[in-house]
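Here is a walk through one protein chain, from its charged pairs to its nonpolar interior. Please keep the structure open while reading.

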Amino acid sequence: MSFLRRRSATPAGPDFDVLAMDPGDWPGNLGAGLLPAPDGTCQGVFLRYDLFGGRGPAMIIGNLPEGSPARDLAEGEIPFEVAQLLIALENDEEVTVTETEDMPVMQGDNLMIVRRLKLSESRISCVQFDRSDNVLVTIAAWDRPITDDLYALLKPLPAELFQQG
């Protein structure tokens with residue numbers, strides 16, 4: 001995915017392109033959150049896609065750049081996006097990563113290695129992959145499998161979406 005590169009100018013939001021589904025392509029509600037560092041830089045972006053009419057999200061997609069503290073996980077610890085999904089669903093059950101599996105996936109002409117995370121909560125699907133600009137993308141979905149055709153829907157979102165106004 002060589003089309004994803006760091007931006008040269010710093011917008012009011014993240015200094016990297018955010019890969020997700022276009023909000024116009026999603027029939028439900030969309031929310032976005034930024035992970036700020038103490039120095040004001042953006043340490044990650046997550047988008048919450050809600051299909052359930054305010055009863056919780058169907059999916060969270062996170063983009064964490066290299067060096068983001070949210071990427072540093074202990075053995076068995078769940079990704080930040082899974083934790084956000086559980087919080088949004090008001091689910092306080094303890095969830096751990098039980099297994100990971102690397103799978104090759106084609107996106108257009110690009111080969112990605114996707115890590116499928118198996119969790120102790122079987123209703124959560126979670127995958128991760130590294131982009132060419134070293135941003136880690138994590139997709140966590142509630143009560144629906146993540147299939148290969150989802151990757152074709154991912155694209156860089158416009159910087160204006162993340163600017164403060």
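Which side chain does R131 meet in a salt bridge? The partner is D133, and the N to O distance is 2.8 Å. Both ends of this pair, R131 and D133, are buried. The model is a predicted one, and the distances quoted here are computed from it.

In general, side chains of opposite charge can pair when their charged atoms come close. The count for this model is 5 salt bridges. One of them joins the side chains of D130 and R71, with 3.6 Å from N to O. D130 belongs to strand β7, residues 124-130, while R71 sits in the loop between β4 (59-64) and α1 (80-88), so this salt bridge ties together parts of the chain that are 59 residues apart in sequence. Relative accessible area is 42% for D130, which makes D130 partly exposed. R71 is also partly exposed, at 26%. The pair does not stand alone, since R71, R115 and D130 are linked in a network of salt bridges.

Another salt bridge is formed by the side chains of D148 and R116, at 3.4 Å from N to O. Here too distant parts of the chain are linked: R116 is in strand β6 (residues 110-119), D148 is in the loop between β8 (136-142) and β9 (154-156), and the two are 32 residues apart. D148 has a relative accessibility of 42% and counts as partly exposed.

Next come the cysteines. A disulfide is a covalent bond between the sulfur atoms of two cysteines. The model has 0 disulfides, on a cut-off of 2.5 Å between the sulfur atoms. C42 is buried at 12% relative accessibility, and C126 is buried with a relative accessible area of 3%.

The nonpolar interior remains. Its largest core has 28 residues, and I61, I139 and Y151 are those with the most contacts inside it. Strands β1 (19-21), β3 (42-50), β4, β6, β7 and β8 each supply at least two residues of this core. The largest share comes from β3, with 4 residues.

Which residues does Y151 contact, leaving aside its neighbours within four places in sequence? They are V105, Q107, M112, V114, R116, V127, F129, I139 and I146. R116 in this list is the partner of D148 in the salt bridge described above.

A second core, separate from the largest one, has 17 residues. Among them are F46, V82, L117 and L119.

Conventions
Residues are numbered from 1 along each chain as its sequence is written. This is a predicted model: local features need pLDDT of at least 70, side-chain atom pairs count only at pLDDT 80 or more; totals for chains, interfaces and linings use all residues. Side-chain values use heavy atoms; hydrogens and water are left out. A salt bridge is a side-chain nitrogen of Lys or Arg within 4 Å of a carboxyl oxygen of Asp or Glu. Buried means under 20% relative accessible area, exposed over 50%, partly exposed in between (1.4 Å probe, protein chains only). A nonpolar core is a set of buried Ala, Val, Leu, Ile, Met, Phe, Trp, Tyr and Cys residues joined through side-chain atoms within 4.5 Å. Contact means heavy atoms within 4.5 Å.
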